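Reader: I'm new to looking at protein models, and I'd love a close look at one part. Could you walk me through the surroundings of the ligand?

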Amino acid sequence: MKVNIPESEKKRVVIIGGGFAGMNLAKKLAKSNYQVVLVDKNNYHQFQPLFYQVAMAGLEPSSIAFPLRKIFQKQKNVYIRVTEVLEVEIENKRLRTTLGIMNYDYLVLGIGADTNFFGNESLAKHCIPMKSVGEALYLRNAMFNDYEIALSTDDYEQRQGFIDMVIVGGGPTGVEVAGALAEMKQYILPKDYPELDNKEVDIYLIQSGNQLLKGMSTEASDKAAKYLTELGVKIIFNNRVVNVDKNFVYMKDGSTIRSRKVIWAAGITGNKLKGIPEESIVWGNRLKVNRLNQIEGLENIYAIGDIAYMETEAFPKGHPQVAQVAIQQGQHLAKNFKNLIKDKPLKDFVYNDLGAMATIGRHRAVVDLPWFKTQGFFAWFVWLFVHLFALIGMRNKVIVFINWVWNYFTYDQSLRLIIKVKERYGKRQ
Ligand SMILES: Cc1cc2nc3c(=O)[nH]c(=O)nc-3n(C[C@H](O)[C@H](O)[C@H](O)COP(=O)(O)OP(=O)(O)OC[C@H]3O[C@@H](n4cnc5c(N)ncnc54)[C@H](O)[C@@H]3O)c2cc1C
């Protein structure tokens with residue numbers, strides 16, 4: 001069966017992935033002389049940097065996800081198809097999707113990355129990843145469900161398993177989750193669960209190296225560790241999680257931690273797509289591209305964002321897998337597509353590094369910008385502003401802003417619902 005898309009005289013650019021990379025490419029190509037088809041397995045764009053606030057019941061999923069059809073409502077040249085791409089048939093210039101066959105003239109992969117459990121089955125089975133809104137909601141449900149069970153658990157050791165949390169990975173996600181959990185312990189648990197002794201609740205952050213926020217400045221790493229320690233987070237440096245089962249986390253040095261909730265924020269790996277030759281795949285499952293984002297050795301097929309691996313003088317080991325790279329590569333490729341159709345020369349991609357930041361609870365953040373570094377209250381303000389500004393859609397910006405102001409003054413979020421999805425509906429295709 002063929003996916004129904006109107007035939008056109010225009011060349012068709014099929015973009016797989018409505019993340020930061022694919023969405024920005026589609027936006028910039030919307031008024032071009034190409035027919036644009038944006039394909040995603042979800043019907044929404046997800047703002048991954050705020051997943052942790054959904055998991056911590058600070059925001060509703062709908063405030064950080066945005067329907068793709070709404071983004072492109074006015075762009076008659078952009079066709080959206082909600083389907084999973086199963087295979088690229090390079091010889092025939094077509095895709096096999098769950099909806100059927102789809103032809104392309106140019107193909108762009110903006111398929112992003114997924115959680116990397118490094119082939120360890122116990123981690124994949126028992127740890128909670130945070131690479132989708134669904135996973136963030138799963139964590140929210142698991143956390144509040146376990147607090148409920150803990151209330152009826154007399155045995156101290158057993159109760160620890162329900163209330164203690166382990167976060168693996170001291171990058172921005174791990175640090176932000178740890179900070180948010182520590183604040184929940186401080187402000188929410190005593191009000192919602194007065195029968196629980198919140199001093200019994202332990203939050204562990206495990207980092208294999210000797211510093212947090214690798215890739216940021218030493219000042220940022222040190223301050224992040226200081227802020228988390230002040231909030232009561234137990235940071236374990238220079239150790240690794242080697243195994244996890246339903247109740248315990250097993251560390252490399254032989255120690256164990258009792259916890260039923262292990263949040264895995266220790267690495268990502270590129271999403272694989274059948275049909276892409278193995279020779280194009282490099283470390284981290286990324287696709288090797290040239291400076292025009294063309295996958296090496298494949299004509300007419302491009303990769304952008306987290307999935308793309310481009311070596312440049314400034315980034316000899318590839319660009320960091322962050323939103324700004326994805327956005328800029330999407331926008332740059334759109335310019336090159338427009339040049340291509342006008343027979344103008346194509347330009348190499350150059351990343352404009354805008355810096356990095358992470359927040360650690362209220363009033364505390366670390367910000368490394370190219371022209372200055374700051375930590376503390378001002379950094380927190382910068383963090384709030386940047387994230388609010390980057391969200392898609394005015395409604396989302398307003399709702400998130402109201403939520404943040406509300407949380408700020410009340411020290412409370414009111415979204416602590418345990419939402420159960422009926423399996424019958426969960427499975428529906
Ligand atoms: C928890 C978390 C926090 C983060 N925080 C920050 C931060 O603070 N700052 C920052 O700069 N970056 C942050 N990042 C990283 C940033 O979100 C990514 O770099 C960015 O999303 C990459 O964009 P992308 O378009 O390449 O991929 P994605 O945004 O991952 O989009 C990929 C899209 O492809 C779709 N897709 C994949 N495979 C298929 C298929 N076979 N068929 C159809 N559709 C498919 C997916 O559904 C998805 O919509 C964070 C990431 C996470 C997970």
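Author: Happy to help; here is a walk around the ligand, with a short stop at the cavities afterwards. Keep in mind that this is a predicted model.

Let's start with the neighbours. The ligand is surrounded by 29 residues, and the closest are Ala-21, Asp-40, Val-85, Asp-306 and Ala-323. By character, this shell divides into 11 nonpolar, 13 polar and five charged residues. Both domains take part: domain 1 (11–115 + 269–341) and domain 2 (121–264) each give at least three residues to the shell.

Next, look for the polar atoms. An oxygen atom of the ligand lies 2.9 Å from a backbone N or O atom of Ala-323. At Gln-321, a polar backbone atom is 3.2 Å from an oxygen atom of the ligand. Lys-41 also offers a polar backbone atom, 3.2 Å from a nitrogen atom of the ligand. On its own, the ligand has 1000 Å² of accessible area, and the protein covers 89% of that. Helix H1 (20–29) and H9 are the elements that give two or more residues to the shell.

Helix H9 (residues 323–341) also leads us to the largest cavity, where it supplies four residues, the largest share of the lining. That cavity has a volume of about 40 Å³, and its lining includes Leu-333, Asn-336, Phe-337 and Leu-340. Six of the lining residues are nonpolar, two are polar and none is charged. The second largest cavity, with a volume of about 40 Å³, has a lining of six nonpolar, no polar and three charged residues. Among them are Asp-164, Lys-185 and Asp-202.

Note on methods:
Residues are numbered from 1 along each chain as its sequence is written. This is a predicted model: local features need pLDDT of at least 70, side-chain atom pairs count only at pLDDT 80 or more; totals for chains, interfaces and linings use all residues. Side-chain values use heavy atoms; hydrogens and water are left out. On a 1 Å grid over the protein atoms alone, a cavity is a set of points where a 1.4 Å probe fits but cannot get out, and a pocket is an open set with protein on both sides within 12 Å along at least five of seven lines; lining residues have an atom within 4 Å of a point. Grid points are joined across faces, edges and corners, and a volume is the space filled by probe spheres set on the points. Ala, Val, Leu, Ile, Met, Phe, Trp, Tyr, Cys and Pro count as nonpolar, Asp, Glu, Lys and Arg as charged, and the others, Gly among them, as polar. A residue is near a molecule or strand if one of its heavy atoms lies within 4 Å of it. A polar contact is a pair of N or O atoms within 3.5 Å; within protein, one must be able to donate a hydrogen and the other to accept it, and residues adjacent in sequence count only if both atoms are side-chain atoms. Accessible areas come from the Shrake-Rupley method with a 1.4 Å probe; for residues, only the protein chains shown count as cover. Domain bounds come from an automatic or database domain assignment.
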